[in-house]
Protein chains: 2
Amino acid sequence: MANTKKMDYVLLGLLSHEPMTGYEIKKRLDTTLRFFWGGSYGSIYPTLNQLEKEGKVTKEDTSSNGREKLSYSITDCGRVSLKEWLAKPVEKDELRYETLLKLFFGNETGMEGAMEHIERFEAKCKDELVVLNLFAENLSHHLEDDTHKHYYLTVRFGIKTYESYLEWCREAKEQIKEWQK
Amino acid sequence: MANTKKMDYVLLGLLSHEPMTGYEIKKRLDTTLRFFWGGSYGSIYPTLNQLEKEGKVTKEDTSSNGREKLSYSITDCGRVSLKEWLAKPVEKDELRYETLLKLFFGNETGMEGAMEHIERFEAKCKDELVVLNLFAENLSHHLEDDTHKHYYLTVRFGIKTYESYLEWCREAKEQIKEWQK
DNA sequence: GTATGATGTATCGGCTTGATATATTGCATG
DNA sequence: CATGCAATATATCAAGCCGATACATCATAC
């Protein structure tokens, strides 16, 4: 059978929006998708080559002034492959929260350590929420576009969850203070 | 320098609670830690051997009736290593939500597909919430123990976030219905 | 003019997952 | 009481992925 590798579909999905270079794909992963997915050069470039061999994307050399630049576009075959994957039920959603890990094992260091981790987590969440709210604001003016509608739903997911993280931080800090009495 | 590998500290953390076999560790990861961390045999057994070589855990053969059984315990050296790691700030928290990925690229399949993914996600969240609430209920009767306190905080995190996921599901479904008019 | 950062392609080591192999024990069901 | 299925238990392997790094050019600022 064909690939079940996730990165294949991440790349096909991004290229279904517009042609891009590997570098641009990486940037997109680090900004727009950052809240729910990642990806490294070590999987982007090899996957692009493999997808080209399979005929799911095409490569175009758009170098200029000696600066190397390879633009990738999705093919009809690639679109079919993407749609098949999109229609299948989700296999796995997962959280990998080091903060919770350190909290869980925190009885080795006491509640002060836990408190510190929660406060750092809280600060980071606040920063992320600012970014997400900006995204939502910008997107709300362009909701005619179907792509933006889908993007908007994922941003709303981010906002909802980060807000609940902050609520939990407040609750947890309160709880710890009570225990310390 | 020493290891920065996460699995090292997951195992040390679990063994700091009580001695366990690799199999028991796996079960713990699949139940208690499931909501925020994972782990496979392919990383558990090799890591246990490596930690033993480093003197951070000791192995004891507790086989009986010909059934092989290797119990691992944390050493003082292992405890020091764990505490050092716990004191360091968190490097990375990450979400890997295939549901959001399929939603983000959903303009290829239309809003009906998005709706289906959201509904499946909603159903799964409801199930998880039942489990988490059970955990919280049980734990709330044993909060004298420090280990349980820390465990309780992570369960509360799970409850808060799953509740917000469900809220988002409702909101998103509402939003999609409105767009479909 | 020259250092810094952004653009851009690419690979490598090491870690992790998911599947699989192997073997024994305990329990249930006909 | 046999037979099969689930649970206990250790262990490895291919394939996937991350983080770091190497390399080269261009733009900007000082």
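The legends below describe several close-up views of a predicted model, in which protein chains are seen together with DNA strands.

**View 1. Residues of chains A and B around DNA strand C.** In this part of the predicted model, DNA strand C is surrounded by 24 residues, and the closest of them are Y45(A), R96(A), S40(B), N65(B) and R67(B). Of the atoms of DNA strand C that come within 4 Å of the protein, 67% belong to sugar and phosphate. Sorted by class, the surface near this strand consists of 6 nonpolar, 9 polar and 9 charged residues.

**View 2. Polar contacts to a phosphate and to bases of DNA strand C.** The side chain of Y45(A) places an N or O atom 2.7 Å from a phosphate oxygen of DNA strand C. Base oxygens of the strand are approached by R67 of both chains: a polar side-chain atom of R67(A) lies 3.5 Å from a base oxygen, and a polar side-chain atom of R67(B) lies 2.5 Å from a base oxygen. Two or more residues of the surface near DNA strand C are given by each of helix 2 (22-30) and helix 3 (41-53) of chain A, and likewise by helix 1 (6-17) and helix 3 (41-53) of chain B. The most is given by helix 3 of chain A, which contributes 4 residues.

**View 3. Y45(A) and a nonpolar patch on the surface.** Y45(A), whose side chain has an N or O atom 2.7 Å from a phosphate oxygen of DNA strand C, is part of helix 3 of chain A. Together with Y23(A) and Y41(A), this residue forms a nonpolar patch on the surface, and the three have about 320 Å² of accessible area together. Y45(A) counts as partly exposed because its relative accessibility is 39%.

**View 4. Residues of chains A and B around DNA strand D.** Here 23 residues surround DNA strand D, with N65(A), R67(A), Y45(B), L70(B) and R96(B) as the closest. Sugar and phosphate make up 69% of those atoms of DNA strand D that come within 4 Å of the protein. The surface near this strand divides into 5 nonpolar, 9 polar and 9 charged residues.

**View 5. Polar contacts to phosphate oxygens of DNA strand D.** In chain A, a backbone N or O atom of S40(A) lies 3.2 Å from a phosphate oxygen of DNA strand D. In chain B, a polar backbone atom of G22(B) is 3.3 Å from a phosphate oxygen of the strand, while K92(B) uses its side chain, a polar atom of which lies 3.0 Å from a phosphate oxygen. The elements giving two or more residues to the surface near DNA strand D are helix 1 (6-17) and helix 3 of chain A, along with helix 2 and helix 3 of chain B.

**View 6. A salt bridge within helix 6 of chain A.** A search of the whole structure finds 36 salt bridges over all chains, and this view shows the one in which the side chains of E116(A) and R120(A) meet, with a distance of 3.9 Å from N to O. Both residues belong to helix 6 (residues 111-139) of chain A, where they are 4 residues apart, or about one turn of the helix. E116(A) is partly exposed, with a relative accessible area of 44%, and R120(A), at 36% relative accessibility, is also counted as partly exposed.

**View 7. A salt bridge between a helix and a loop of chain B.** E128(B) and R34(B) form a salt bridge in which the closest N and O atoms are 2.8 Å apart. E128(B) lies in helix 6 (residues 111-140) of chain B, and R34(B) lies in the loop between helix 2 (22-30) and helix 3 of that chain, so the pair ties together parts that are 94 residues apart in sequence. E128(B) is buried, with a relative accessible area of 16%, whereas R34(B) is partly exposed, with a relative accessible area of 36%.

**View 8. A network of salt bridges with residues from chains A and B.** K102(B) and E98(B) form a salt bridge, with 4.0 Å between the closest N and O atoms. These two residues lie in helix 5 (residues 98-104) of chain B and are 4 residues apart, about one turn of the helix; both are buried. A network of salt bridges links K102(B) and E98(B) with K6(A) and E91(A).

Methods:
Residues numbered from 1 in each chain as written. Chains lettered and ligands numbered in written order. Predicted model: local features only at pLDDT ≥ 70, side-chain atom pairs only at ≥ 80, totals over all residues. Heavy atoms only, no water. Near = heavy atom within 4 Å. Polar contact = N/O pair within 3.5 Å; in protein donor to acceptor, adjacent residues only side chain to side chain. Nonpolar A, V, L, I, M, F, W, Y, C, P; charged D, E, K, R; others polar. Patch = residues over 30% accessible without salt bridge, like charges linked within 9 Å, V, L, I, M, F, W, Y side chains within 5 Å. Areas by Shrake-Rupley, 256 points an atom, 1.4 Å probe, with all protein chains shown as cover. Buried < 20%, exposed > 50% of the residue type's maximum accessible area, 1.4 Å probe, protein only.
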